[in-house]
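Here is my note on the model, point by point. Please read it with the coordinates open.

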Number of protein chains: 2
Amino acid sequence: MNMNDESNDRKINMKMLARELNLSIATVSRALKDSYEVSDQTKARVKEAAARLNYVVNTQASSLRSHKTYTLAIVVPEIGDSFFTQVINGIESVADKKKYRVLICMTHDSYEREMSVINELTNGRVDGVLISVASNTRNGDHFNALKRKGIPIVFFDRDFKEINAASVKTDDFESAYNATCHLLDNGCKKISLITVRGGVSIFSAREEGYRQALIDNHSKPGLPDIIHCANEHSADNIAMIRDHLLKARPDGLLLTVEHLSTDAYTACQLIGLKIPADIKIACFTTQLTAGILNPALTTIQQPAFEMGQKAAELLIEYLTYKYIQLENQHLVLPSKLIIRDSTGLR
Amino acid sequence: MNMNDESNDRKINMKMLARELNLSIATVSRALKDSYEVSDQTKARVKEAAARLNYVVNTQASSLRSHKTYTLAIVVPEIGDSFFTQVINGIESVADKKKYRVLICMTHDSYEREMSVINELTNGRVDGVLISVASNTRNGDHFNALKRKGIPIVFFDRDFKEINAASVKTDDFESAYNATCHLLDNGCKKISLITVRGGVSIFSAREEGYRQALIDNHSKPGLPDIIHCANEHSADNIAMIRDHLLKARPDGLLLTVEHLSTDAYTACQLIGLKIPADIKIACFTTQLTAGILNPALTTIQQPAFEMGQKAAELLIEYLTYKYIQLENQHLVLPSKLIIRDSTGLR
DNA sequence: TTTATCTACGTAAACGTTTACATTTTAAAC
DNA sequence: GTTTAAAATGTAAACGTTTACGTAGATAAA
């Protein structure tokens, strides 16, 4: 007896279903899709048989023929942090409702991998792609290639400005501005921005917001003070932040990426800085644990889940009725500054 | 001019590539797959042309014909928490290396959705599935149906014991046992287990570990004390935990699921219980922020990423060389008890 | 009755690959 | 210069759907 002798169900396809019912396979196909061309009686018979025999349509064949995959690609740098996770949940929640499935692709925040992923997706495997671009993406040719193949793109959070495509973002400039003002209001004299190197627009917008807030508040010379974290290994970031804290001695920190929160807290612990007494910290993050950190972290909370929902709605809307001009859709959702102990007096 | 007039690249397929090169499409196909049947010279020509014309193989057609999709389904309850996120990262890291893509399906921890997802996957859309079962799954018929279609299954973390399939899990009994002992050692007299209702084996294993630790340590009467959280809305969980704290007055808490950490901390805050002075807490979680919580949380840290890697390796190993007996593979990875302030004296 | 319209279904050609099998070309052996 | 084997290529039939087009029968209009 063969070890791998799984007694397979005779794989059931439309042909067999048709034979069973004494119908042509065309009629079966139509019946399953509720076509007006088939009688109610026949539809019922077909559906009954399909259910009884556990028939489920072969998606490869179906989409090969129909050029419709009911699949969306989600391309993200990572799913390690809670932001992208929540966005994905948002996307999935609406995709699922509309009978779409999602293919997750990670770029590991690398331009090269992003190109190769996007290039692969030109083969018609998905109906559209939702993407948050890698932070070192400098060139948008791969996006244009995708568009030329007729595959629509929706950017979320991190878009690529040279490309004309729909986007769903948050108010990066304003929220960075507000957070910086909040730090200043709470007595900070020397606020550093800890951010990430790269051409992604959200980071420059946040940086601009920070700069403008300093300007508008007549900040001391020496500012702005911006350091760029390597973004790869946590240990490297911690070291960089620690060195900066020792050298520049800031009394306020604005962090533009989620995972920097842990790094910054750790760096402060290492050199014995008390938050918020010695230094106040605010961070762009959607981490659920922000409220129970030590101390509770003031956050710029982006509506991650809603962002995913909106992006998916836009894309699916376009895919089902082509009448919206997808490329002109640019949504900006407001973030919320949630003030907690890390910027408080205590 | 048509609004939707995307000047599509003439979609390039093998036929066109073949014509361009004055070759048959069979030879082109073989050349692209590095078949020994085609000369090095021709291979080079074909590959050059493919690259130049941005040809990328149509996966639908390819897998329709070859019955190989190079796609894995990952079926999880949610991806909201860091545990599943890390597992997915682990899976993706090895899948990507082996040229597989991943389709993410969420069950929202519901048996019905799990059935419908698994049922859909019987259509040959994926080569195999990696799954962590919903907590209220009572019946494994859908898994058997999948197996009968010849689609292999690997369970990770939460398996379904009635089904004969590969699994990668952690030492749930032992780690719950050890964590409970740790709480007892640190002076707890009355430890409650906060867990989740459902038939999933990991929860019963953790419960057993907890029970056995109490027995072995001659715990007081009144124990064990176990409450089951609704698992749906955070607010409900917080209320349940708060009520329990007020009524049963435990001095130790063992939490079996990640998202309960925030809920438990919040409940304690609400009624003014100091951690760890009034109550000590340990939790099964892989949250990165555990160390910077207030207070830092003692965790049973599961090797989530490795778990994903192992599960994917097993599955892909089986898919590429069918000679391993997949169903007999049962890996158990050790968790680590990471002791922090939440169970300390302070 | 004839013709037109509508309803319900069937036929067969795609979709873009892979692959068993057949054929040609090249090289080796005689 | 045959014959034989090996190497390189070609032919055509799948894979399981969808869908343009065709058609038979029923009903309505003339």
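**Notes on the DNA surface and the salt bridges**

1. Start with DNA strand C. Of its atoms within 4 Å of the protein, 59% belong to sugar or phosphate, and the rest to bases. Keep in mind that this is a predicted model.

2. Which residues come nearest to DNA strand C? They are A:Ser24, A:Thr27, A:Thr42, B:Ser29 and B:Arg65, out of 27 residues around the strand. By class, the residues of this surface divide into ten nonpolar, eleven polar and six charged.

3. Three polar contacts deserve a look. A:Glu37 places a polar side-chain atom 3.3 Å from a base nitrogen of DNA strand C. B:Met14 uses a polar backbone atom, 2.9 Å from a phosphate oxygen of the strand. B:Ala61 also uses a polar backbone atom, and here the partner is a base nitrogen at 3.4 Å. As for elements, those giving two or more residues to the surface near DNA strand C are H2 and helix H4 (59-66) of chain A, together with helix H2 (25-32) and helix H4 (59-66) of chain B.

4. Now the salt bridges. The whole structure holds 33 of them over all chains. Side chains of opposite charge can pair when their charged atoms come close.

5. Within chain A, take A:Asp34 and A:Lys47. Their side chains meet in a salt bridge, 2.9 Å from N to O. A:Asp34 sits in the loop between helix H2 (25-32) and helix H3 (40-52), and A:Lys47 in helix H3, so the pair ties together parts that are 13 residues apart in sequence. A:Asp34 is partly exposed, at 46% relative accessible area. A:Lys47 is partly exposed too, at 35%.

6. What joins the two chains at A:Asp96? A:Asp96 forms a salt bridge with B:Arg113, with the closest N and O atoms 2.5 Å apart. A:Asp96 lies in helix H5 (residues 82-97) of chain A and B:Arg113 in helix H6 (residues 111-120) of chain B, so the pair joins two chains. A:Asp96 is partly exposed at 22% relative accessibility, and B:Arg113 is partly exposed at 31%.

7. Chain B offers a buried pair. The side chains of B:Lys169 and B:Asp159 meet in a salt bridge at 3.3 Å, N to O. B:Lys169 is in strand E5 (residues 166-170) and B:Asp159 in the loop between strand E4 (153-156) and E5, ten residues apart. B:Lys169 counts as buried at 15% relative accessibility. B:Asp159 is buried at 12%.

8. One last item is a network. A:Asp96, A:Arg101, B:Arg113 and B:Glu120 are joined by salt bridges that share partners.

Methods: Residues numbered from 1 in each chain as written. Chains lettered and ligands numbered in written order. Predicted model: local features only at pLDDT ≥ 70, side-chain atom pairs only at ≥ 80, totals over all residues. Heavy atoms only, no water. Salt bridge = Lys/Arg side-chain N within 4 Å of Asp/Glu carboxyl O. Helix = DSSP H or I, 4+ residues; strand = E, 2+ residues; numbered from the N terminus. Buried < 20%, exposed > 50% of the residue type's maximum accessible area, 1.4 Å probe, protein only. Near = heavy atom within 4 Å. Polar contact = N/O pair within 3.5 Å; in protein donor to acceptor, adjacent residues only side chain to side chain. Nonpolar A, V, L, I, M, F, W, Y, C, P; charged D, E, K, R; others polar.
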